[in-house]
Structures are given as C-alpha cells and as structure tokens.
2 protein chains.
Amino acid sequence: MIDTLINARWVLPVAPEFKVLENHSIAIEHGRIIDLLPIDEAAEKYSARHIIERSNHVVMPGLINAHTHIAMSLFRGLADDLPLMTWLNDHIWPAEASQINPEFMRLGTQLGIAEMLKSGTTCFHDMYFYPDVVARTASDLGMRATVGMIVIDFPSAWASNADEYFEKGLAVSDEYKTDPLISTVFAPHAPYTVNDDNFKRIVATAYELEKPIHIHLHETESEVSDSVEKTGQRPMQRMENLGVLSPDLIAVHMTELSDEEIEKLAHNGVNVVHCPESNMKLASGFCPVDKLIKAGVNVALGTDGAASNNDHDMLGEMRSAAMLAKVVAKDATAVSAQTAIEMATINGAKALGLGDEIGSLEVDKWADICCIDLSALNTQPVHNPVSQIVYSASASQVSDVWVAGKHLLNQKLLTNLDEAELSEDVQKWHSNFTESP
Amino acid sequence: MIDTLINARWVLPVAPEFKVLENHSIAIEHGRIIDLLPIDEAAEKYSARHIIERSNHVVMPGLINAHTHIAMSLFRGLADDLPLMTWLNDHIWPAEASQINPEFMRLGTQLGIAEMLKSGTTCFHDMYFYPDVVARTASDLGMRATVGMIVIDFPSAWASNADEYFEKGLAVSDEYKTDPLISTVFAPHAPYTVNDDNFKRIVATAYELEKPIHIHLHETESEVSDSVEKTGQRPMQRMENLGVLSPDLIAVHMTELSDEEIEKLAHNGVNVVHCPESNMKLASGFCPVDKLIKAGVNVALGTDGAASNNDHDMLGEMRSAAMLAKVVAKDATAVSAQTAIEMATINGAKALGLGDEIGSLEVDKWADICCIDLSALNTQPVHNPVSQIVYSASASQVSDVWVAGKHLLNQKLLTNLDEAELSEDVQKWHSNFTESP
C-alpha cells in the first residue's frame with residue numbers, strides 16, 4: 001500500500017529524456033516518486049491510499065519560478081506604465097518604506113504562494129526582505145522555496161549594515177538547514193548596490209558553505225553604461241574580477257550581452273534566469289535566450305515580482321519566453337515549447353542547485369508535480385499536449401499540485417489555505433494602505 | 001420595465017472619455033445601452049426584467065478581435081516551432097487541402113466563437129474561406145462578426161477564380177445586408193497573392209458599396225524585400241499607387257515600416273491591426289505600435305488564427321501588446337494599460353467601420369459588453385482595475401458577455417451552445433483527422 005497513485009492521460013517526465021507518455025501512472029511514497037509506468041501495469045503492481053484519476057490531463061514536474069520578490073504581490077498594479085525612476089522614487093520605494101514589516105511579508109508571501117500553487121508552481125526563489133518570514137511562511141504551507149540572504153549597501157527594515165545583513169541571512173540559513181523544503185542562497189542585490197568588499201565576503205562565504213549566489217545582472221543598457229562610466233568595466237567584467245562567475249552563480253535578466261560575454265557565461269557554467277515579461281514591461285531590453293541556449297548556458301525562467309510583471313503565472317511566462325525568443329532571434333524555431341518547459345522545470349532546478357531533487361518526474365526525486373486539464377475549449381483539440389501547455393493553456397486549467405507528495409491543490413482548491421480568509425486579509429491590508437497618509 | 005440592468009463595482013465606458021466609474025449601472029433595452037448611471041440612481045429610475053449584480057467585477061465594452069482566421073482553431077497546436085515555409089508547405093496547406101469544407105468551417109467557427117465568448121470577445125473579423133458559413137454560424141449564435149470577402153489569385157475549396165471569389169463574396173454581403181450582427185468587408189489576402197487587376201476591381205467595388213478593405217500588409221521583412229525585388233516597390237507603395245490606402249483600409253501586421261511610411265499611414269487615415277503574439281511566434285518582426293499611435297494612426301488588436309498564436313484570448317493579446325510595445329519603444333510608458341484597452345475596443349470598432357455602433361459603453365450603442373471578476377487572488381488587491389485587466393487578469397475571469405443585449409455568457413456558462421457537445425464534435429473531428437492518411 002503506497003501513498004498516492006496518479007493516473008493521467010499524458011505524463012511529461014521532462015528528464016532524463018523529454019517525451020510524452022500516454023496513459024501513465026506516477027507512484028508516490030514518502031513524498032518521493034517511486035515509479036513511472038503504464039496505468040494498467042500500475043493497477044496490478046500497486047495499491048494506494050489515494051488514487052487520482054486525471055483522464056483529460058497532462059501531469060508534469062511542478063513549475064519552478066527562479067526569480068521573484070514574492071511579497072510584492074501586494075503592490076501588484078500599484079503603479080504601471082511609468083518611467084523606471086518615477087515608478088521607484090514616487091511609488092515603490094515610498095510604499096516599501098511605509099509597508100515592509102514581518103506582517104506585510106507574511107501576507108504578501110501567502111498571497112504569492114496561493115497564486116503560484118493555483119498556477120502550477122511548486123518552488124520559487126525569493127529575493128526580498130525578511131527571508132526568515134518568507135521561509136517560515138513557505139515551510140508552514142508546505143511550499144518549496146529557496147530564499148535569498150539579501151545583501152545591499154543601504155539600510156532597510158531588515159538590516160542596517162553589511163554585518164547585520166550577513167548575520168541575519170546566515171541565521172536563516174542555519175535555522176532551515178534540515179528543512180527539506182527550504183534552501184538558502186546568497187542574494188547580493190545588484191552590482192551597482194553592492195561594493196567590492198561585500199562581494200568578496202559573499203564569494204568567500206558562499207564557497208565555504210557551498211551556496212549559490214543570485215544577483216540581478218545586466219538588467220538594462222544603462223546599468224552597463226553607468227558601470228563603464230564609473231568603474232571602466234562592464235558589470236560582468238567586474239563580477240569576473242571579483243570571482244563571482246561560476247556554476248554557482250544565478251544571473252538574472254541579462255538583457256545586455258555581447259557574444260563574447262555569452263561565451264564567457266557558458267565557459268564559466270553560469271546559470272541565467274530569464275524574466276521575459278518583466279523585461280518587456282519595464283522596457284529593460286531583450287535577453288538573447290536562443291543564443292544563450294545554443295552556447296550551452298543553463299537558462300531558467302522567473303516572473304520577477306508582481307509589481308513589475310504583474311503576476312506569478314509561470315505558464316504565461318513560458319509562453320512569453322517561447323514567443324519573444326523567436327522574434328528576437330528572427331527564427332520561428334527558437335525556444336520551442338519543449339525548451340520553454342525545460343526552462344521552467346529542470347533548468348530552474350539546476351540553477352537553484354536542486355537538480356538532483358526536483359525539476360523532473362524521475363524515480364527518487366521529490367514528488368513536486370503539476371497537473372493541467374486540457375479539456376477546456378481553448379486547448380481543444382489536442383494535436384500535441386506540449387504545444388497546448390505552452391501556447392494555449394492558462395493558469396486556470398491547473399487542477400492539481402503536489403509538493404513533496406502533499407496534495408496542496410486538489411481539483412483547483414487549495415488544501416493548505418483558506419482562500420476567502422486570505423482574500424479578506426489582503427483587502428483589509430489594501431484598505432489600510434489606501435487610507436494611510 | 002426595461003430589459004436588463006447590470007450593477008457593477010467598476011464600469012469602464014472607454015469612450016467618449018476613458019475613466020473608471022465606481023458602483024455604476026448599465027441599463028439595456030432592445031439590445032442597446034440606454035443609460036449609464038450610479039447604482040443607487042438606477043435603482044430609483046428603472047425596474048428591469050433582469051437585474052445582474054456583479055459586485056467584484058469590472059464591466060467594459062466587449063473585446064473586438066480585429067483579425068483572425070477563426071476556423072483554424074481546429075488546427076491549434078497542429079505544428080509549432082517550425083520555419084514558416086515548413087509550417088505552411090508540410091502542415092497547414094496539406095491540412096487545409098484535405099479538411100476545408102463547410103462542415104469544418106462550421107465546427108471551427110463554433111469552437112472559435114465559444115472560446116471568444118468565454119474570454120470576453122463580442123466581435124471578430126474573419127479572413128478565411130467560406131465566409132457564408134462563418135456569417136451563418138455567427139448570426140445563429142448571436143455573435144457579432146465582420147466577414148471578409150476573400151480574394152486570392154489561386155483556386156481554393158471556396159472559389160476557383162477571381163470572378164467566383166467576387167461573386168460569392170458579394171452574395172454573402174447581400175444575404176446579410178439587414179442582419180444587425182453581420183457586416184462584410186473586402187479581404188484581398190496579401191499584396192503578393194493578389195494581382196493589380198484584382199486590386200483595382202476591389203477598390204472600385206469597395207468604394208461603390210462603401211466597404212472597408214482588410215489585408216495582410218508588411219507582415220515580414222522578406223515580404224517587403226521580395227516585393228522590391230519583383231516590382232521595384234515596397235508593398236505599401238504599390239498599394240498607394242493602386243488607390244488602396246484610405247480610411248477604409250485595415251492593414252494587418254505592419255512590422256516593417258519606415259518613419260515615412262508611418263506618416264503616410266497617418267496622413268491617409270489607414271487603420272492598422274496589430275497581432276503581437278502572432279508576430280512574435282512566427283518571428284515576423286516588431287510592429288512599431290508606439291510610433292504609430294503617436295503619429296495618430298488608429299491601431300486595433302487581433303489574435304490572428306489559432307494555428308499561429310495559439311488562441312483567441314484578447315485579454316492575453318492586450319497584455320502582450322502593452323508589454324511588447326514598451327521594450328520595442330525602449331519606453332516603459334509606451335502603450336499603457338488604457339491604450340491597450342482602447343486598442344481592443346473602440347479602435348477595433350473604428351477600424352471595422354463600426355465606431356458608431358460598438359466599442360464603448362455609450363448610450364445608443366449596441367450592448368456588447370464584457371464583465372470580468374477581479375476577486376481572484378491573481379488580481380488582488382485592486383489598486384487599479386485598469387492595470388488588473390491588462391496586466392493580471394486571465395480569460396478565465398470573464399464571467400459574463402452580452403452581445404446586442406443578449407446574455408451569451410452567464411456566470412461563465414455559454415447560453416447559446418452546449419459546451420460538452422461541441423467538445424465531443426471537436427474530438428470526433430480530431431480522431432478522423434489523425435486517422436486519415
């Protein structure tokens with residue numbers, strides 16, 4: 001008697017080989033995948049406490065959102081269609097200054113996790129304040145997360161100086177050392193907000209603790225040109241000199257890249273997180289995704305924060321990534337639906353240092369699973385389930401999600417959160433926010 | 001006693017002025033809007049046979065999909081991620097050759113209309129074969145459509161030569177002359193598939209009958225360079241010489257445009273239909289939407305066919321349009337959420353020659369209305385309903401649709417179609433298609 005058997009019309013294991021299995025079952029025990037086999041064989045081989053029939057559905061690895069600022073979900077739509085500096089100076093920074101505290105972080109993280117689970121995401125990387133609260137909230141809800149030990153050269157509600165950022169970040173890392181759902185990575189905000197000394201300290205500590213480093217890098221043309229003006233170096237060159245470029249680096253955005261820099265990323269095994277919707281909406285630029293992939297760079301996918309995207313919908317992000325890459329590369333074969341799915345699953349897992357644990361439906365990996373109903377008219381007929389997932393399905397078709405074998409979304413209902421209560425809390429926060437001076 | 005009163009949390013009339021009305025009612029009688037006023041005033045002034053309470057919802061004009069090939073919904077996902085000529089030669093054209101007939105057109109149109117209604121679209125422009133079947137199907141279902149009298153220089157299942165294309169197209173136009181839901185426009189396929197004589201005949205007949213002309217124009221770089229090679233002229237120049245450029249022209253795609261050509265479009269009052277997702281997915285190029293709008297060109301929005309997009313979701317298309325325009329213009333203020341909504345409503349109406357009849361919630365216009373529920377977690381909190389519609393809402397949040405006052409989608413249920421039956425028919429077609437040699 002095993003825990004769970006999921007019988008699905010289509011199964012996409014994603015790795016070790018990308019293929020579509022028809023009428024297959026996934027067997028789950030102790031939170032991990034123990035078998036993947038035809039439904040009729042599974043019926044003979046296993047009895048299970050929970051047998052889940054999903055006969056119009058595709059079952060695939062849970063989506064991995066490799067870059068967000070999750071609690072910003074509360075600022076979703078607060079200020080759009082503005083120049084970057086107006087947006088930051090007049091809206092986001094004042095809102096952060098007045099709002100960021102543990103309570104805000106808890107509520108914003110709950111809202112973000114609820115939205116993620118309802119759209120098939122089972123793991124997210126967060127880079128924001130109060131990683132302790134984000135980790136606690138995720139762990140309590142059974143959600144997988146990697147949280148960033150943020151380092152930035154100015155004081156915030158979370159910490160007032162470099163020592164405090166390091167100390168508090170490392171305390172979070174210590175606290176969750178044995179939590180199977182939570183891992184921690186260093187998160188220097190960006191080259192222009194972290195000085196050389198702090199980078200050196202991060203590199204040394206990350207090396208010692210075997211932690212990845214997650215950073216905004218080459219997000220915009222002006223970031224690069226400002227750096228050249230101030231330091232005589234492009235940010236990537238400075239990162240290389242500081243020893244930051246390595247297979248443990250997760251470089252986010254990367255819209256401004258020369259062919260030589262692309263080669264250097266590949267040579268150093270650097271992971272890139274592409275955030276197509278944020279890059280479009282903030283007019284940041286075009287990440288050369290097709291070139292990066294062809295050069296052998298591991299490219300993952302992220303939504304960025306919901307204040308700049310404005311959602312946590314990784315199905316939509318896959319679609320945007322696949323579409324945008326084609327027109328940027330002037331090649332309709334660039335970033336296929338298969339590639340987009342790999343970016344949102346196994347590539348994300350590898351980038352976050354979790355490639356052996358999640359990102360595909362393979363025996364012994366955690367049962368982090370997403371199930372999508374393709375019976376909706378907008379995904380009919382199903383000539384090819386892979387195309388339908390990326391180019392036609394919407395988040396509302398995600399029917400089920402499991403994280404480490406726990407059924408967190410069951411036929412579109414959250415099992416770990418009272419949605420109505422959460423919605424009320426969010427609206428209460430919003431009323432207070434709009435009434436505050 | 002009037003027919004319908006819709007009481008909504010937010011109402012977006014879109015025109016004559018773009019604003020957000022809170023707690024307003026729309027009064028409907030004989031299929032048209034007769035009043036727009038605060039809910040409390042409406043309660044005193046009107047009694048209605050149908051009182052619709054939508055307290056978490058935004059009510060706005062029904063979306064107008066200004067360019068599609070609707071029956072291609074049956075080819076959705078048939079072949080993706082391929083070079084254009086492989087896609088056409090090896091997949092789409094053979095599929096069309098074996099499949100296109102009145103029965104296919106009827107089923108594909110039903111599927112497309114069902115998908116459109118469920119995602120808030122109340123009017124579409126179709127350019128494909130058998131406009132008679134498309135018109136009949138739309139009219140029977142209560143859907144508004146403008147159908148293209150297709151003209152193309154090669155034979156198809158619909159017609160075998162120019163005379164037959166004209167004759168059959170004009171017969172459709174005649175048949176629906178008095179149908180309030182259906183209008184007809186000339187639809188020469190593209191400059192490279194229609195000869196000068198046929199263009200002259202279209203221009204003369206369209207002028208006489210006061211019909212718009214809808215055409216694929218400057219879709220790709222190679223269309224333009226091929227034309228220069230063959231005729232010594234860019235397609236737009238040829239169109240100008242043939243008298244095609246006018247306020248009655250609806251030019252679709254327009255990815256390759258010089259600043260001079262943009263000025264010429266503005267000067268001639270030409271309407272442009274932007275299809276951002278198709279342009280991205282087929283690697284066609286970037287339409288300079290922000291420049292066009294700033295030059296005063298009326299820019300509408302279309303999904304293109306579901307074989308190249310792959311859906312009929314105009315909310316998604318608005319979002320893609322707003323996001324893509326920003327990064328193309330290198331300006332985060334380009335194509336605001338407001339502008340995207342205007343493109344998908346009033347601009348579409350104007351382009352199709354229906355600017356006095358639909359496209360906004362104004363007294364005396366048809367009650368073509370879309371209602372979106374913003375209570376879902378992914379659109380919470382609502383700092384700004386306009387942002388939420390464009391940047392966060394998904395098609396699944398469309399709760400209701402009225403066309404000419406008829407409630408065709410009622411709390412997410414189609415009232416004019418049996419969804420299960422339609423789905424079965426589509427799957428039956430799909431089985432036959434995949435089994436055919």
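How many residues of chain A are in contact with chain B? The count is 53 residues of chain A, meeting 53 residues of chain B. Keep in mind that this is a predicted model, so everything below is computed from predicted coordinates.

## Two chains, one relation

Let's start with how the two copies sit relative to each other. A turn of 180° and a shift of 0.0 Å along the axis lay chain A on chain B, with an RMSD of 0.0 Å. That is how a two-fold axis relates two copies. If you want to find the axis in the viewer, look for S396(A): in chain A, its C-alpha is the one nearest the axis, at 3.1 Å.

The contact fits this picture. Of the interface residues of chain A, 100% are also interface residues in chain B, so the copies meet through the same surface.

Now back to those 53 residues on each chain. On the chain A side, five helices each supply at least two residues: α3 (102–118), α10 (276–281), α12 (314–329), α15 (385–392) and α16 (419–435). The largest share, five residues, comes from α16(A). Sorted by class, the side of chain A that touches chain B has 21 nonpolar, 19 polar and 13 charged residues.

## Inside chain A: two domains

Zoom in on a single chain. Chain A is divided into domain 1, made of 2–61 + 363–414, and domain 2, which covers 63–351. Taken over C-alpha atoms, the centres of the two domains of chain A are separated by 28 Å. Where they touch, 24 residues come from domain 1 of chain A and 26 residues from domain 2 of chain A.

Which elements of domain 1 of chain A supply at least two residues each to the side that touches domain 2? They are β13 (369–373), α15, β14 (398–403) and β15 (406–410) of chain A. Here α15(A) gives the largest share, five residues. You've met α15(A) already, in the list of helices on the side that touches chain B.

The table puts the class counts for the two sides next to each other.

| Side | Nonpolar | Polar | Charged |
|---|---|---|---|
| Chain A, touching chain B | 21 residues | 19 residues | 13 residues |
| Domain 1 of chain A, touching domain 2 of chain A | 20 residues | two residues | two residues |

## The overall build

Chain A has 16 helices and 16 strands. Its radius of gyration is 21 Å, close to the 22 Å that the globule rule gives for 437 residues, so chain A is as compact as a globular protein of that length. Along its principal axes, the C-alpha trace of chain A spans about 65 × 50 × 45 Å. Of the 437 residues, 59% count as buried. Among contacts in chain A between residues at least 6 apart in sequence, 73% join residues at least 24 apart.

## An open sheet

Eight strands of chain A form an open sheet with mixed pairing, in the order β3-β2-β1-β4-β13-β14-β15-β16. At the edges stand β3 (32–38) and β16 (413–414) of chain A, each with a single partner strand, so one side of each has no neighbour in the sheet.

Take the β3 edge. Strand β2 (residues 21–29) of chain A runs antiparallel to β3(A), and six bridges join them. One pairing to look for is I26(A), whose bridge partner in β3(A) is L36(A). The two strands form a hairpin with two residues between them, and H30(A) in the turn has a positive phi of about 50°.

Towards the other edge, β14(A) and β15(A) pair in the antiparallel sense over three bridges. V401(A) stands opposite L409(A) in β15(A). Is L413(A), in strand β16 of chain A, buried or exposed? L413(A) is exposed, because only 12 other C-beta atoms lie within 10 Å, and 12 or fewer counts as exposed. From L413(A) to V401(A) is 12 residues in sequence and 9.8 Å in space, C-alpha to C-alpha.

## A covered helix

For a contrast, look at helix α13 (residues 337–344) of chain A, where eight of its eight residues are buried. Among them are Q338(A), T339(A) and E342(A), along with I341(A) and M343(A). What covers the buried residues of α13(A) includes β5 (63–68), α11 (289–294), β12 (298–301), α12, α14 (346–351) and α15 of chain A.

Terms used: Residues numbered from 1 in each chain as written. Chains lettered and ligands numbered in written order. Predicted model: local features only at pLDDT ≥ 70, side-chain atom pairs only at ≥ 80, totals over all residues. Least-squares fit on C-alpha atoms with pLDDT ≥ 70 in both. Contact = placed C-beta atoms within 7 Å. Helix = DSSP H or I, 4+ residues; strand = E, 2+ residues; numbered from the N terminus. Nonpolar A, V, L, I, M, F, W, Y, C, P; charged D, E, K, R; others polar. Domains from an automatic or database assignment. Rg over C-alpha atoms; globule rule 2.2 N^0.38 Å. Buried ≥ 20, exposed ≤ 12 C-beta atoms within 10 Å, placed from the backbone. Pairing = 2+ DSSP bridges.
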